[in-house]
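Please look over the sequence and the model that follow. The report after them covers the fold, the strand pairing, the core and two backbone outliers.

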Amino acid sequence: MGKTLLGAGTLKAGDVITIHIKNGNVVSPDEDYEDKFDFEILSKDPEGYFIYIPDYHYLNETKVITNYDISLLKMNIKFLGSRTLYVKNSKIAKIKNKLDGMFCKDCHEFYGYATSNQTDGTLVCFSCRHYKHWRSSPDDD
Ligand SMILES: [Zn+2]
């Protein structure tokens with residue numbers, strides 16, 4: 001127990017990990033938890049990973065990504081102003097193969113088992129597609 005998951009140190013930006021949450025804090029995989037969520041890795045250091053936290057997740061100890069973080073941690077510039085959380089390797093509950101799903105290009109939500117539906121090889125989810133379609137269509141109701 002308390003052992004770091006095999007391969008936990010070998011992930012890279014774009015890979016997806018599952019972490020366990022209790023009272024808004026990340027807990028070790030062998031502790032009790034209330035929720036578990038999948039998060040995209042943005043960057044790494046020798047001890048762990050910086051993960052992307054969508055706005056609807058209320059986790060403790062997140063920080064807003066600054067220009068300094070982007071350059072220091074070599075994060076994708078598209079995450080400037082988003083929230084990140086640092087997770088140690090030993091807190092990773094599960095490693096998800098990113099081939100098991102994709103992130104929506106517009107809202108960055110992860111969709112398990114989704115495949116590309118755009119000509120450039122990316123995914124745009126149903127709600128993003130529907131909302132854009134609805135907003136840009138003339139509607140004479
Ligand atoms: Zn979307």
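Leaving aside neighbours within four places in sequence, which residues is Phe39 in contact with? They are Val16, Ile17, Ile19, Ile51, Tyr52 and Ile53. This is read from a predicted model.

**Overall layout**

The chain has nine strands and two helices. Their order along the sequence is β-β-β-β-β-α-β-β-β-β-α. Of the 141 residues in the chain, 19% are buried. Take the contacts between residues at least 6 apart in sequence: 50% of them join residues at least 24 apart.

**Strand pairing**

Three pairings can be set side by side.

| Strands | Sense | Bridges |
|---|---|---|
| β1 (16-22) and β3 (35-45) | antiparallel | six bridges |
| β3 (35-45) and β4 (48-53) | antiparallel | four bridges |
| β4 (48-53) and β6 (83-88) | antiparallel | six bridges |

β3 pairs with β1 and is also joined to β4. β4 in turn is joined to β6. The link between β3 and β4 is a hairpin, with two residues between the strands.

Individual bridge partners help to place the register. Val16 stands opposite Glu40 in β3. Asp45 has Gly48 of β4 as its bridge partner. Gly48 also stands opposite Lys88 in β6. Gly48 therefore has a partner on each of two strands, because Asp45 belongs to β3 (35-45).

**The nonpolar core**

Which residues touch the most other members of the largest nonpolar core? They are Ile17, Ile19, Phe39 and Ile51, in a core of 18 residues. β1, β3, β4 and β7 (92-96) each supply at least two residues of this core. β4 gives the largest share, with five residues.

That fits the burial of the strand: five of the six residues in β4 are buried. In soluble globular proteins, nonpolar side chains tend to be buried together.

Phe39 ties several of these pieces together. Its contacts include Ile17, Ile19 and Ile51, and these three are named with Phe39 among the residues that touch the most other core members. Ile17 and Ile19 fall within β1 (16-22). Ile51 falls within β4 (48-53), and Phe39 within β3 (35-45). The contacts of Phe39 thus reach residues in β1 and β4, the two strands that β3 pairs with in the table.

**Two positive phi values**

Two residues other than glycine have a positive phi. Asn23 has a phi of about 50 degrees. It lies in the loop between β1 and β2 (25-27). For His108, phi is near 65 degrees. His108 is in the loop between β8 (101-103) and β9 (110-112).

Are these residues buried or exposed? Asn23 is exposed, because 9 other C-beta atoms lie within 10 Å and the cut-off for exposed is 12 or fewer. His108 counts as partly exposed, because it has 15 C-beta neighbours inside 10 Å, which is between that cut-off and the 20 or more needed for buried.

Note on methods: Residues numbered from 1 in each chain as written. Predicted model: local features only at pLDDT ≥ 70, side-chain atom pairs only at ≥ 80, totals over all residues. Contact = placed C-beta atoms within 7 Å. Core = buried A, V, L, I, M, F, W, Y, C linked by C-beta atoms within 7 Å. Pairing = 2+ DSSP bridges.
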